[in-house]
Amino acid sequence: MKRRDLLIGASLFGATFAAALAGSATGALAQAEIKIGEINSYSALPAFTEPYRKGWQLAVEEINAAGGVNGKKIVVISKDDGGKPADALTAANELVEKEKVAMLAGTFLSNIGLAVSDFANQKKVFFLAAEPLTDAITWSKGNRYTFRLRPSNYMQAAMLVDEAAKLPAKRWATIAPNYEYGQSAVGVFKKLLSAKRPDIEWVDEQWPPLGKIDAGPVVQATAAAKPDAILNVMFGADLVKLVREGNTRGTFKDRSVVSFLTGEPEYLDPLKDETPEGWIVTGYPWNDIQIPEHDKFLKAYQAKYNDYPRLGSIVGYQTIKAAAAILAKAGSEDTDKMIAAAEGITMPSPFGEITFRKIDHQSTLGAFVGKTAQKDGKGVMTGSAYRNGKDYLPSDAEVSTLRPKE
Amino acid sequence: MGFYIVQFLTGLASASALFLVASGLSIIFGVTRIVNFAHGAFYMLGAYVAFTLTERLSGAFGFWGGIVLAALAVAIIGVLVEMLLLRRIYSSPELFQLLATFGLTLMVEDLVVLIWGPDDLLGRRAPGFRGAVEMFGQNVPSYDLFMIVLGPVVLGILWLLFHRTRWGILVRAATQDRDMVAALGVNQKWLFTSVFGAGVFLAALGGALQIPRDAVHHALDLRIIVEVFVVVVIGGLGSITGAFVAAVLVAELNAFGILVFPKISIILVFLVMAVVLIVRPWGLFGKPEAAARKTPGLSVRPWQPLSQNERIAFAVGVVLAALLPLIAGNYALAVGAEIAIFVIFAASLHFLMSVGGLASFGHAAYFGLGAYGVAFLAKIAGLPMIVCLALGPLLGLFGAAIFGFFAIQLSGVYFAMLTLAFAQIVWSIAFQWVPVTGGDNGILSIWPETWAAGPARFYWLSLAVAVAVVGLLRVIVFSPFGYALRGTRDSLLRSESIGIDAKRIQWTAFVIAGTAAGIGGSLFAYLKGSVFPDNIGIGLSVDALVMVLLGGVETVSGAVVGAIVFKALSIWLVSQTDWSKLILGGVIVLIVVAFPKGIVGMIETWRARSDAPSSKSAALAASQPEGAE
């Protein structure tokens with residue numbers, strides 16, 4: 001009896017480790033495919049990542065229908081990071097060590113993007129960051145293996161500052177989530193706007209915790225500073241609470257509001273009939289874009305999913321399209337060749353032609369700037385115009401001082 | 001002046017919202033002693049169900065009817081949960097119910113996305129309370145005024161219920177002394193069920209009433225749960241009035257605090273709780289907890305050092321684990337190293353919980369401090385890896401020494417919540433002090449040196465440290481110090497009367513556990529090559545608790561098994577499925593039902609039963625489950 005128990009105990013001890021191995025036997029590769037490892041916060045941020053997933057699935061379908069890349073089919077192996085950097089690294093490790101992917105792609109949150117970028121640098125793996133907005137990923141913590149698709153924090157701030165500088169407002173208040181994204185968005189916006197308009201003053205700032213805004217007191221405190229204009233960086237459910245409180249209390253009446261990301265369908269659509277009028281925002285007016293490539297994308301997307309695309313769909317779609325373009329130009333899955341190919345590569349996108357800059361590995365994908373409005377009880381962007389990312393980056397001389405020397 | 005009055009009113013409205021949810025948690029805890037981690041999940045379900053009902057039903061009656069119906073519907077779910085799940089585990093070790101409700105929470109988070117979709121949902125505004133009322137030249141939302149009235153009304157109703165009905169008198173009696181109520185012939189089962197149902201009703205009502213001002217989404221539960229716990233503890237466990245006062249205190253301090261320190265919200269509730277608990281160890285309106293009357297199951301079957309055979313089995317297990325690099329790939333080895341690190345972390349908490357009887361809800365603080373210690377030494381001082389590994393955990397030691405000193409003045413849930421407050425304070429420093437810690441973008445590029453680089457080498461390093469730490473902790477358990485510590489756990493009064501300096505012993509244990517966690521954290525920094533405030537977060541502290549409970553809190557080293565099972569399962573599920581939380585939560589609930597003493601705890605019970613005729617103490621243990629009813 002005793003001995004049997006002990007045997008069970010001893011084997012249990014090692015069994016769990018062994019269980020993890022069972023999977024690794026499936027490493028044998030089918031020769032005719034290229035694996036791309038993809039990581040995103042699927043379970044933590046489904047509102048963004050579900051359309052994102054649909055976007056890249058559409059891209060994979062299109063690429064393979066057209067014969068794949070370098071005669072091979074594209075296969076995307078997708079992992080969830082649960083919104084945690086440590087779990088993203090586990091997933092990245094699995095993709096690189098076990099699945100032997102040609103490159104890594106994806107990520108949403110800035111800290112996860114940075115963690116994976118550092119991992120890629122360490123393991124010498126190509127990483128195409130899809131969504132993380134932090135400037136650090138291409139500048140202060142940039143590295144040779146990491147490229148980024150979306151317009152950075154700096155670029156979006158610069159686009160908004162162009163509009164904000166035209167406003168007569170002199171007294172500005174800010175409301176931003178208290179974490180790196182909010183802090184750097186406010187920081188860059190303040191710096192750029194003060195440079196253009198030395199006459200303005202910053203009268204108040206509010207820093208509610210991300211996801212936990214107590215909107216009433218925040219709105220009230222902002223209004224008490226009597227600003228002419230408000231910069232908002234809140235998004236998601238926080239934005240809904242902020243807008244509802246502000247609408248009820250009349251905080252946004254007779255004030256200009258400039259707001260990051262609010263025009264993206266992910267954040268604009270939940271506002272429905274609460275959508276404030278006339279906020280100057282960055283976003284994606286999917287039903288109001290006159291670009292032929294976008295028409296094509298929109299038709300294909302709607303045909304496949306019977307749903308309209310969100311900005312996440314564009315990001316997911318273009319991430320895999322960019323990966324395929326880089327692989328095709330490199331003609332190989334060798335990391336150094338892919339880096340050489342990616343630096344300066346130009347490719348079509350639903351927003352027109354984009355380039356991955358050699359100097360900082362940032363793509364020139366832009367964003368739409370417009371004003372929010374209500375139409376039939378729904379939020380829309382009006383008067384929107386595409387801002388090409390390449391016009392909203394600092395000079396090359398300045399960028400080269402921002403990036404660490406290799 | 002008008003502005004300050006309006007700001008005060010706005011704070012009161014927030015306080016009412018908080019109080020509704022907190023009151024439910026408070027009565028559940030007061031009577032059943034369940035640390036109901038799922039309270040936030042019920043709150044969220046209330047909001048979702050209310051959203052669906054208010055969209056379907058029309059008119060003012062439809063809206064308010066929908067709110068109440070939603071709360072009732074969720075309360076029925078709560079009653080079912082209590083009857084089908086929690087009833088089975090009332091005789092389990094303390095805090096075991098936390099594990100069950102944690103499993104439920106995980107499941108609900110995925111289920112709401114499956115049922116209602118991933119998008120944020122915007123509920124309707126309340127009929128009759130859409131606009132604002134002008135007061136002192138400021139607009140005050142009329143819904144805020146409604147909430148301000150509703151809070152005290154609910155408080156009044158609860159007071160009447162508890163003081164003017166038989167049910168209320170029984171509930172209050174059970175809050176004071178459950179065993180006595182049972183001895184007097186009250187059917188505890190239905191009392192517990194009804195209390196649980198009432199508590200869930202209040203949580204769901206609180207959630208449903210948020211739909212006119214909030215968005216309904218799948219992270220609502222985490223947003224509220226910790227804050228509500230804090231409010232309940234500040235007020236004093238089981239005190240509804242206390243919960244109300246605490247909610248007002250917290251909400252008003254926040255409303256006015258942000259005028260001076262706009263970044264205060266992130267940490268305010270924890271600061272308030274730390275101060276209140278240090279000054280008043282049982283919260284504002286709480287009373288000292290009566291000493292536990294039940295003899296802990298342990299003293300019936302005392303712990304013993306491993307027998308010769310068990311040592312051999314253990315050694316075989318270690319050797320098998322050490323041979324893993326011969327057959328496993330790089331990824332499996334990295335996972336193995338991660339599991340080994342979490343074995344260290346779980347074992348350190350287990351030492352504090354099982355041996356010291358001190359359940360910490362903030363143990364990640366010391367794990368994270370160890371990780372940051374390594375990061376500072378490696379990145380700022382540029383020291384070699386071996387020095388960093390040796391000195392990094394010292395930061396965990398210092399943290400544990402400082403916070404432990406205050407924490408061990410308290411006991412039970414108050415101790416747990418004070419450790420949570422300290423952990424959140426450490427977390428917010430790591431999060432806010434951007435120039436030094438990098439804020440939430442963390443510190444990058446802390447990779448191992450060549451001698452420990454490579455998955456196999458790092459795996460061996462982690463395994464060796466894990467074996468050493470677990471072994472050392474066992475040695476301590478069976479040392480004179482360990483006996484003294486167990487003495488303070490089993491009876492504080494008796495141990496002090498025979499001359500044991502209980503506080504010093506507990507403090508030392510806290511420091512040992514914190515240092516061991518710091519060792520785990522140091523290795524973790526090198527495994528991941530980076531540190532983030534996440535390494536200190538509540539999520540990690542909860543994971544550690546789950547691992548300990550899963551293994552079995554009444555065992556010597558159950559946490560080792562708990563950590564291996566939990567970590568391996570969660571890494572595998574996250575990799576294999578998009579619904580990992582649903583499945584992981586389901587598995588945890590099943591384990592809770594199948595192993596009501598934790599995995600190792602149940603195995604030991606079965607072994608004791610099969611050996612029953614051979615030893616007297618084992619026979620006693622076998623009869624324990626019946627006796628515990």
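**Group meeting: voids, a helix pair and a salt bridge**

Okay, let's start with the enclosed space: this structure holds eight cavities of 30 Å³ or more. Before I go on, please keep in mind that we're looking at a predicted model.

I picked the second largest cavity to walk through. It has about 130 Å³ of space in it. So what lines it? In chain A, going up in residue number, you've got F108(A), L109(A) and S110(A), then E131(A), P132(A) and L133(A), then Y179(A) and Y181(A), and finally F235(A), L261(A) and Y267(A). By class that's nine nonpolar residues, one polar and one charged.

Now the open kind of space. The second largest pocket comes out at about 520 Å³. There are 26 residues lining this pocket, and the ones closest to its centre are L268(A), D269(A), Y308(A), K378(A) and G379(A). Which elements give two or more residues to the lining? From chain A those are α9 (265–268) and β14 (378–387), and from chain B there's β1 (121–122). The most comes from β14(A), with four residues. If you're thinking about the chemistry of that lining, the split is 13 nonpolar, four polar and nine charged.

Next, a helix pair, both in chain A. Helix α11, residues 311–330, and helix α12, residues 335–342, have axes that come within 8 Å and cross at roughly 110 degrees. Anything from 65 to 115 degrees counts as roughly perpendicular, so that's what we call α11(A) and α12(A). Who's actually touching? On the α11(A) side it's I326(A), L327(A), K329(A) and A330(A), and on the α12(A) side it's K337(A), M338(A), A341(A) and A342(A). That contact between α11(A) and α12(A) is made up of six nonpolar residues, two charged ones and no polar ones.

Last topic, charges. Searching the whole structure over all chains turns up 40 salt bridges. I'll show you one of them: the side chains of D307(A) and K54(A), at 4.0 Å from N to O. Why single that pair out? D307(A) sits in the loop between α10 (292–305) and α11 of chain A, while K54(A) is in helix α2, residues 46–65, of chain A, so the bridge ties together parts that are 253 residues apart in sequence.

That's my tour. If you want to open the model afterwards, try the pocket with L268(A) and Y308(A) among the residues closest to its centre, then go to the D307(A)–K54(A) salt bridge.

Terms used: Residues numbered from 1 in each chain as written. Chains lettered and ligands numbered in written order. Predicted model: local features only at pLDDT ≥ 70, side-chain atom pairs only at ≥ 80, totals over all residues. Heavy atoms only, no water. Axes fitted to C-alpha atoms, helices over the stretch in contact; angles between N-to-C directions. Parallel < 35°, antiparallel > 145°, perpendicular 65-115°, else oblique. Contact = heavy atoms within 4.5 Å. Nonpolar A, V, L, I, M, F, W, Y, C, P; charged D, E, K, R; others polar. 1 Å grid on protein atoms, 1.4 Å probe; cavity = no way out; pocket = protein on both sides within 12 Å on 5 of 7 lines; lining within 4 Å. Points joined across faces, edges and corners; volume = space filled by probe spheres on them.
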